[in-house]
Amino acid sequence: MAVSVLLLAVPVSNARDKSDVVKKGYNLGPLPAIAYDADKGVQIGAVLQLFNYGDGSEYPAYNSKAYVEYSYFTKGSHLIQLRYDNRTLIPGIRWSSTVRASIDKARDFYGFNGYASSFDINLPSAFYRCRRNDVLVKSDFLGVILPHFRWEAGIFFNYFGIKDIDIDNLNRGKAEEKQFHGDRTLYSIYRDAGILGVNEAGGGYAGGIRAGLEYDTRDKEGAPSRGIWAEGHVSAALPGLSSVQHYRYSLTFRHYVPIVSDDVLTFAYRLNYEGTFGKNAPYYSLSYMTAMGERCDFEGMGGYQTVRGIMRSRVVGLDMATYNAEFRWRFYRFNLWKQNFALAFNLFSDGTMVTRNVDLSALPQSADVRDTRTGDITTVQLKSDRTADRPHITFGAGLRLIMNENFIIAAEYGMPVSRLLKNSPIRNQDGTGAFYFNVGYLF
């Protein structure tokens with residue numbers, strides 16, 4: 001089971017309860033970030049958010065927000081993130097920018113095409129890891145075309161440096177039975193088989209432009225109770241700015257349906273499709289649900305940002321379809337310290353699948369991994385008997401503390417359905433579940 005603590009901020013619009021305390025001026029929100037990962041060690045970090053509500057006339061909407069995050073992992077990984085969102089600096093334009101840098105000494109790598117690639121839960125987790133340093137930069141602009149209808153335009157530049165793991169570092173502090181001493185990892189097998197092209201195996205860079213359209217009728221942004229939020233955009237990684245020229249697109253439809261009015265009970269769902277034009281896209285660009293505006297690109301499919309309960313990046317392909325559906329119940333509201341609070345409970349189901357495969361014809365069915373200490377050979381199955389993916393479904397529940405509509409602390413647990421299928425070939429192919437601490441609703 002994985003445990004994660006991630007702290008994200010969620011913006012708000014101009015709908016509020018009549019009993020709310022109206023916030024004005026600047027509001028500072030520092031928070032700790034603490035987690036544990038067997039491969040990365042203990043995460044120790046902090047998040048600082050600064051909101052500017054101006055004269056309060058648009059509360060709970062803010063005029064601007066600054067977000068700073070830094071996390072250090074005791075086995076050497078780092079995460080730095082800077083985000084800025086401004087609604088008033090440019091008249092009629094919302095401007096959002098993000099800079100995110102990470103040094104990840106244990107990045108997940110489970111192969112491609114979902115269930116078409118085998119996962120062995122009995123192998124040490126380090127076999128499914130690689131080292132990856134990356135820097136992601138983007139700046140987006142959103143402007144009004146008609147009421148509820150907006151254009152989106154932005155620029156992006158991403159850098160990825162990828163190599164095999166430092167085995168001694170990952171083994172440090174682990175029990176003997178959980179250590180990995182193999183001479184190969186899944187990443188190195190894919191690299192040596194030529195599945196990862198020469199221009200992408202060690203990483204690369206991708207820079208270019210994004211453009212799209214958005215339709216938004218939500219009553220508020222942070223925790224909507226009614227409305228539709230739909231958008232579509234194209235990302236073009238251009239020659240001269242990218243190691244591999246490629247083009248991708250993202251289509252997302254979100255719907256918020258009030259079951260009991262006044263934010264008491266809401267049914268919300270999100271449908272997403274991430275696709276590739278042609279067959280030419282580096283693998284490090286495939287494992288993202290791209291986003292425009294205030295939100296960062298979401299790494300997946302799998303994990304707290306995309307499909308809760310399955311392993312991060314378990315499902316990677318040229319095209320991927322994803323859904324999220326949940327009931328959101330606010331069961332208690334109160335005012336404290338001149339802040340507006342609510343407690344909420346949610347039940348959810350998430351799912352995803354690869355709809356167009358990466359070509360794995362050059363990958364062998366299995367590979368031998370030799371223990372460098374004992375010389376023992378373990379034969380690892382790389383491909384399953386499936387040539388096409390099938391839905392990866394999860395379910396779970398969570399609790400949320402909502403403060404001033406724009407800051408939402410969440411605790412959730414998700415479990416893959418495949419864990420419960422005792423006699424199925426996909427049993428435990430998505431892991432055994434995950435517990436998350438984060439901030440905000442998923443969508």
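Which strands each supply at least two residues of the lining of the second largest cavity? In this predicted model, they are strand S6 (93–108) and strand S7 (129–146). The report begins with the enclosed spaces and then turns to charged pairs and to two aromatic side chains.

## The two largest cavities

The structure holds six cavities of 30 Å³ or more, and the largest of them has a volume of about 150 Å³. Its lining is made up of 15 residues, and those nearest the centre of the largest cavity are Asn158, Arg210, His246, Ser285 and Thr290. Two or more lining residues come from each of strand S8 (149–163), strand S9 (203–216), strand S10 (227–237), S11 and helix H3 (283–286), with S8 giving the most, namely three residues. By residue class, the lining of the largest cavity divides into seven nonpolar, five polar and three charged residues.

The second largest cavity has a volume of about 130 Å³, and of the 14 residues that line the second largest cavity, Asp108, Phe109, Tyr283, Ser287 and Ser313 are the closest to its centre. The lining of this second largest cavity comprises seven nonpolar, three polar and four charged residues.

## Salt bridges around arginine 330

A search of the whole structure finds 36 salt bridges. In one of these, arginine 330 pairs with aspartate 263, with the closest N and O atoms 4.0 Å apart. Because arginine 330 lies in strand S15 (residues 319–336) while aspartate 263 lies in the loop between strand S11 (246–260) and strand S12 (265–276), this pair ties together parts that are 67 residues apart in sequence. Arginine 330 has a relative accessibility of 8% and counts as buried, and aspartate 263, with a relative accessible area of 12%, is buried as well.

Arginine 330 also meets the side chain of glutamate 405 in a salt bridge, at 2.9 Å from N to O. Glutamate 405 belongs to the loop between strand S19 (392–403) and strand S20 (407–416), whereas arginine 330 is in strand S15, so the pair ties together parts that are 75 residues apart in sequence. Both glutamate 405 and arginine 330 are buried.

## A further pair and a network

The side chains of aspartate 371 and arginine 373 form a salt bridge with an N to O distance of 3.7 Å. Aspartate 371, at 18% relative accessibility, counts as buried because the cut-off for that class is under 20%, whereas arginine 373, at 47%, counts as partly exposed.

Elsewhere, salt bridges link Lys40, Asp104, Arg107, Asp108, Arg129, Arg132, Asp134, Glu299 and Arg312 in a network. Asp108, a member of this network, is also among the residues closest to the centre of the second largest cavity.

## The surroundings of aspartate 297

Where does aspartate 297 lie? It is found in the loop between strand S13 (288–289) and strand S14 (298–299), and at 7% relative accessibility it counts as buried. A polar contact of 2.9 Å joins the side chain of aspartate 297 to that of arginine 210, a residue that is also listed among those nearest the centre of the largest cavity. In addition, the side chain of aspartate 297 reaches the backbone nitrogen of alanine 291 at 3.0 Å.

When neighbours within four places in sequence are left aside, aspartate 297 is in contact with Arg100, Lys138, Arg210, Tyr288, Met289, Thr290, Ala291 and Gln305. Thr290 in this list is another of the residues nearest the centre of the largest cavity.

## Two phenylalanines in strand S16

Phenylalanine 341 is found in strand S16 (residues 339–356) and is buried, with a relative accessible area of 11%. Leaving aside neighbours within four places in sequence, phenylalanine 341 is in contact with Tyr332, Arg333, Phe334, Leu336, Leu401, Ile402 and Met403. The C-alpha atoms of phenylalanine 341 and leucine 401 are 7.0 Å apart in space, although these residues are 60 residues apart in sequence.

Phenylalanine 345 lies in strand S16 too, but at 29% relative accessibility phenylalanine 345 counts as partly exposed. With the same neighbours within four places left aside, phenylalanine 345 is in contact with Phe327, Arg328, Trp329, Phe331, Ala397, Gly398 and Leu399. Between phenylalanine 345 and leucine 79, which are 266 residues apart along the chain, the C-alpha separation is 30 Å.

Technical notes. Residues are numbered from 1 along each chain as its sequence is written. This is a predicted model: local features need pLDDT of at least 70, side-chain atom pairs count only at pLDDT 80 or more; totals for chains, interfaces and linings use all residues. Side-chain values use heavy atoms; hydrogens and water are left out. Helices (H or I, at least four residues) and strands (E, at least two) are DSSP runs, numbered from the N terminus. Buried means under 20% relative accessible area, exposed over 50%, partly exposed in between (1.4 Å probe, protein chains only). A polar contact is a pair of N or O atoms within 3.5 Å; within protein, one must be able to donate a hydrogen and the other to accept it, and residues adjacent in sequence count only if both atoms are side-chain atoms. Contact means heavy atoms within 4.5 Å. On a 1 Å grid over the protein atoms alone, a cavity is a set of points where a 1.4 Å probe fits but cannot get out, and a pocket is an open set with protein on both sides within 12 Å along at least five of seven lines; lining residues have an atom within 4 Å of a point. Grid points are joined across faces, edges and corners, and a volume is the space filled by probe spheres set on the points. Ala, Val, Leu, Ile, Met, Phe, Trp, Tyr, Cys and Pro count as nonpolar, Asp, Glu, Lys and Arg as charged, and the others, Gly among them, as polar.
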